[in-house]
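Please look through the structure shown here slowly, with the sequence beside it. The paragraphs that follow take up its parts one after another.

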There are 2 protein chains.
Amino acid sequence: MFPKATISRFPMYFRVLTEYNHQNIALVSSEEMARKVGVTSSQIRKDLSYFGSLGIRGAGYDVAYLLAKIKEILGMDKKRRLAIIGAGKLGLALAGYTGLKQHGLEVAALFDIDQSKWGTTSGQLTVFPLTALASQKEELGMEIAVLTVPGAVAQTVANMAVQAGFKALWNFAPVRLVVPKNVIVQYEDLVVGILTLSHHLARKFG
Amino acid sequence: MFPKATISRFPMYFRVLTEYNHQNIALVSSEEMARKVGVTSSQIRKDLSYFGSLGIRGAGYDVAYLLAKIKEILGMDKKRRLAIIGAGKLGLALAGYTGLKQHGLEVAALFDIDQSKWGTTSGQLTVFPLTALASQKEELGMEIAVLTVPGAVAQTVANMAVQAGFKALWNFAPVRLVVPKNVIVQYEDLVVGILTLSHHLARKFG
DNA sequence: TACCCCTTGTGATTATTTTCACAATCTCAA
DNA sequence: TTGAGATTGTGAAAATAATCACAAGGGGTA
Ligand SMILES: NC(=O)c1ccc[n+]([C@@H]2O[C@H](COP(=O)([O-])OP(=O)(O)OC[C@H]3O[C@@H](n4cnc5c(N)ncnc54)[C@H](O)[C@@H]3O)[C@@H](O)[C@H]2O)c1
Ligand SMILES: NC(=O)c1ccc[n+]([C@@H]2O[C@H](COP(=O)([O-])OP(=O)(O)OC[C@H]3O[C@@H](n4cnc5c(N)ncnc54)[C@H](O)[C@@H]3O)[C@@H](O)[C@H]2O)c1
């Protein structure tokens, strides 16, 4: 098995490869990529080696081929649809994020318990009542539920998402969720990042 | 020195301790906390031990005391002010995020290059022209610059923030920044989280 | 005070991740 | 076709992080 951190480096590899591709660069060495990504070249080679011999000895990596491989590894070759639950500040920001599309991701609909938000379209999107979650999941073929609801209701909402058949949750609420074993939760705790900075500032400057 | 991951667990410790405090629970064991946070009890004890003997043998940890210690470690005892650069979808969502205050953080102002956004107050906040960054930093005592600008201009904006005297950058643009050694950058790459989910879905279900 | 029980704090151990270093092998030019 | 030069792929070594296991104390009770 490969380190967990390996997968977390792939999105950055994908981005720089996309750039090379854009510049019509066909071959790239691990050394060259490393400079751009900010990791060591052996780290890149090791990461890629977990998924086969993807490069060409003496030459480097074929940009187009490696891009295709990374897409496959990250599941970007198939379009994945997202349901955003909680059409608040963060939910709407994510719904309007243009960066998702280029990674094979698409927000298909939003859901909220607040009646005043229903039907409101932000961009092309519809906000459905939370009760429509299960039916719309089937209708729109959504696979990932994005939780942007207040922490106090996050567990309840997660239960509903699981009930509706979602097997993957992307949780922005600062709460640990209890879910069945076959459901994956990815936690996104933004406070960790800013408090890490705060900690460093406190250390260095008090 | 302690593992990097140690600091990343402290925000969660802080949250559960706040809950205990709210429930007037004065003492808590590492075992009890571990259940709630979702890590092992020895992990918690080890994490805390890097910062001294914070518990009471045979009894557990004094909730109020540990809270105060964690605040100190994370630099939450002093209020830190943030400058959000890029008053777009994500920047405005962060500006309106109520969770920052309870961690000693406060958004003091926003900055944007787009004239049509200047002066617009979202909540109590003002959007300043980007050129006012250095002067407002002094005026408002801001320490951390939050970068929510398009990736294409992130490096330029980072340079301006460094020029203005910011020593800590919280970067949401999917770009590796080059900054002087004495400036800290915390990267927040949301695509990593969702693509990790996508990868797992691809593995399990194709 | 003496004793028992409980939980911390921490060296030692184990697991995981990264880095090193070089044999394998590919490209390209003559 | 051959040889020089380049870069991958990967075991082995080193570094980092998590877990174990238990001695060291502290609290409560009689
Ligand atoms: N705003 C940010 O930048 C930010 C940053 C980090 C984390 N978060 C977290 O993201 C979550 C949302 O934050 P926000 O700032 O967008 O809050 P918000 O109040 O703007 O939005 C929350 C939305 O959830 C809806 N909601 C409430 N209960 C619901 C339920 N039971 N079912 C469905 N929808 C429900 C509300 O109607 C509202 O539209 C919170 O958990 C917050 O801690 C937000
Ligand atoms: N929206 C999201 O949910 C989301 C999620 C993940 C990452 N991001 C990243 O965050 C960044 C912002 O995304 P967004 O969706 O808020 O985009 P946005 O277009 O809504 O906002 C960008 C803002 O930056 C301003 N801007 C442009 N150039 C500037 C400059 N040189 N100086 C100052 N301000 C400038 C624009 O006027 C605009 O207000 C992007 O890098 C994006 O990749 C956004």
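**Two DNA strands, a ligand and a helix**

Helix H3(A) is a good place to begin, since H3(A) gives the surface near DNA strand C its largest share, namely four residues. The model is a predicted one, and the distances given below are computed from it. Besides helix H3 (41-49) of chain A, helix H1 (4-22) of chain A and helix H3 (41-49) of chain B each contribute at least two residues to the surface near DNA strand C. In total 27 residues surround this strand, and those that come nearest are Arg57(A), Ser30(B), Arg45(B), Gly55(B) and Tyr61(B). Of the atoms of DNA strand C within 4 Å of the protein, 66% are in sugar and phosphate. Sorted by class, the surface near DNA strand C holds eight nonpolar, 11 polar and eight charged residues.

Which parts of DNA strand C do individual residues approach? The side chain of Thr40(A) places an N or O atom 3.2 Å from a phosphate oxygen of the strand, and a polar backbone atom of Gly55(B) is 2.7 Å from a phosphate oxygen. Arg45(A), by contrast, has a polar side-chain atom 3.4 Å from a base nitrogen of DNA strand C.

Turning to DNA strand D, we find 26 residues around it, of which Ser30(A), Arg45(A), Gly55(A), Tyr61(A) and Arg57(B) come nearest. Here the largest share of the nearby surface, four residues, is supplied by H3(B), while H3 of chain A together with H1 and H3 of chain B each provide at least two residues. Sugar or phosphate accounts for 66% of the atoms of DNA strand D within 4 Å of the protein, and the rest belong to bases. Several contacts reach base nitrogens of this strand: an N or O atom in the side chain of Arg45(A) is 3.0 Å from one, a polar side-chain atom of Lys46(A) lies 3.4 Å from one, and an N or O atom in the side chain of Arg57(B) is 2.8 Å from one.

We can now move from the DNA to ligand 1, which lies between chains A and B. Among the 23 residues around ligand 1, the nearest are Lys89(A), Leu90(A), Asp112(A), Lys117(A) and Val149(A). The shell around ligand 1 is made up of 15 nonpolar, four polar and four charged residues, and H7(A) supplies its largest share, three residues. An oxygen atom of ligand 1 is 2.9 Å from a polar backbone atom of Lys89(A), an oxygen atom is 3.0 Å from an N or O atom in the side chain of Lys117(A), and an oxygen atom is 3.2 Å from a polar backbone atom of Ala93(B). Taken alone, ligand 1 exposes 820 Å², of which the protein buries 85%.

Finally, consider helix H4 of chain B, residues 63-73, whose buried residues are Val63(B), Leu66(B), Leu67(B), Ile70(B) and Ile73(B). These residues lie on the same side of H4(B) because they cover an arc of only 125° around the axis. Their cover includes helix H8 (190-205) of chain A, and from chain B helix H1 (4-22), strand E1 (27-28), helix H2 (30-37), H3 and strand E2 (61-62). At the N-terminal end of H4(B), Asp62(B) acts as a cap, with a side-chain oxygen 3.2 Å from the backbone nitrogen of Ala64(B), and just after the helix Gly75(B) takes a positive phi of about 70°.

Notes. Residues are numbered from 1 along each chain as its sequence is written. Chains are lettered from A and ligands numbered from 1 in the order in which they are written. This is a predicted model: local features need pLDDT of at least 70, side-chain atom pairs count only at pLDDT 80 or more; totals for chains, interfaces and linings use all residues. Side-chain values use heavy atoms; hydrogens and water are left out. A residue is near a molecule or strand if one of its heavy atoms lies within 4 Å of it. A polar contact is a pair of N or O atoms within 3.5 Å; within protein, one must be able to donate a hydrogen and the other to accept it, and residues adjacent in sequence count only if both atoms are side-chain atoms. Ala, Val, Leu, Ile, Met, Phe, Trp, Tyr, Cys and Pro count as nonpolar, Asp, Glu, Lys and Arg as charged, and the others, Gly among them, as polar. Accessible areas come from the Shrake-Rupley method with a 1.4 Å probe; for residues, only the protein chains shown count as cover. Buried means under 20% relative accessible area, exposed over 50%, partly exposed in between (1.4 Å probe, protein chains only). The arc is that of the directions from the helix axis to the C-beta atoms. Contact means heavy atoms within 4.5 Å.
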